[in-house]
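Here is a short briefing on one protein chain. Keep the structure open beside the text as you read.

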Amino acid sequence: MDYRLDSHMHTVASGHAYNTIMEMAKTAAEKGLELIAITEHSVNMPGTCQLFYFMNLKMVPRRLFGIEVLQGAELNITDYKGSVDLPADVLKNLDVCIASLHLPCIRPGSIKENTAALLSVMENPYVSIIGHPDDGRYAVDYRELAKAAAERHVLLEVNNHSLDPASSRTMARENLITMLKWCEEFGTHVILNSDAHWCGDIADRRFSGPLLEEIRFPEELVVNRDVDLYRSFLK
Ligand SMILES: [Zn+2]
Ligand SMILES: [Zn+2]
């Protein structure tokens, strides 16, 4: 499958990643991508950048080394009602928003609570992607998730890092197989993201690529093959 874009990565601004925007863009260009999105952890993650960082992203050029470089955020979902940790007037100026459940920012709830959190955050008009819904520490009803994502035109992420044996997330493989089965059923689009915290990991799909092949997931539901298709999900 053609892999044109990677829409989830972090720089030094996130506090636990190790490259600059310039280094990320240069590496992505060398790897032949057409587009990347820089998605720093939002303000509730310990050690990350704060509100003014996101407010001032308008300063950063959206083309570097001949590729498109979007500026977004990985928002923390902060309660089971789907609240996030940046205000709408900041979100509206970002190019792309991922919403994710992270241990430092929300305690894992019941399957009902976690699912409610993800379904509610999809109602946020600025959220385009649900980040690593494969994390077994937050049990989710994948049928409900895939159905709602299709209805609300939100992408579900297949996170390569979750599948890495070194990841602290659990049960990603089993969960993704279940999630993708429902995505096929409901026609839900997915995105393969690296979640790179190091430039060398940009576009990494060592684990996610073979999984999709193994279960013969339909290519037409994977937005990475087409920048315009990906763009149709941006708010
Ligand atoms: Zn991180
Ligand atoms: Zn994350």
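**Overall build**

Of the 235 residues in the protein chain, 49% count as buried. The model is predicted. Its secondary structure comes to nine helices and eight strands.

- The radius of gyration is 16 Å, close to the 18 Å that the globule rule gives for 235 residues, so the chain is as compact as a globular protein of that length.
- Along the principal axes, the C-alpha atoms fill a box of roughly 40 × 35 × 35 Å.
- Take the contacts between residues at least 6 apart in sequence: 79% of them join residues at least 24 apart.

**Helix H1**

- Helix H1 spans residues 21-30.
- Its buried residues are Ile-21, Met-24, Ala-25, Thr-27 and Ala-28.
- These residues cover an arc of only 165° around the axis, which puts them on the same side of H1.
- Several strands help to cover the buried residues of H1, including E1 (5-6) and E2 (35-41). Strands E3 (63-64) and E4 (67-76) are also among them.
- Gly-32 follows H1 and has a positive phi, near 85°.

**Helix H5**

- Helix H5 runs over residues 142-152.
- Tyr-142, Leu-145, Ala-146, Ala-148 and Ala-149 are buried in H5.
- Viewed down the helix axis, the buried residues of H5 fall within an arc of 165°, so they line one face of the helix.
- The buried residues of H5 pack against two helices, H4 and H7 (172-186). They also pack against strands E6 (129-130) and E7 (155-159).
- His-153 comes just after H5 and takes a positive phi of about 55°.

**The H4–H5 contact**

- Helix H4 (residues 111-121) packs with H5 at an angle of about 5°. The two axes are 10 Å apart.
- Angles under 35 degrees count as roughly parallel, so H4 is roughly parallel to H5.
- On the H4 side, the contact is made by Thr-115, Leu-118 and Leu-119.
- On the H5 side, Glu-144, Leu-145 and Ala-148 make the contact.
- The contact residues divide into four nonpolar, one polar and one charged.
- Leu-145 and Ala-148 belong to this contact, and both are buried in H5.

Terms used
Residues numbered from 1 in each chain as written. Chains lettered and ligands numbered in written order. Predicted model: local features only at pLDDT ≥ 70, side-chain atom pairs only at ≥ 80, totals over all residues. Axes fitted to C-alpha atoms, helices over the stretch in contact; angles between N-to-C directions. Helix = DSSP H or I, 4+ residues; strand = E, 2+ residues; numbered from the N terminus. Parallel < 35°, antiparallel > 145°, perpendicular 65-115°, else oblique. Contact = placed C-beta atoms within 7 Å. Nonpolar A, V, L, I, M, F, W, Y, C, P; charged D, E, K, R; others polar. Rg over C-alpha atoms; globule rule 2.2 N^0.38 Å. Buried ≥ 20, exposed ≤ 12 C-beta atoms within 10 Å, placed from the backbone. Arc of directions from axis to C-beta.
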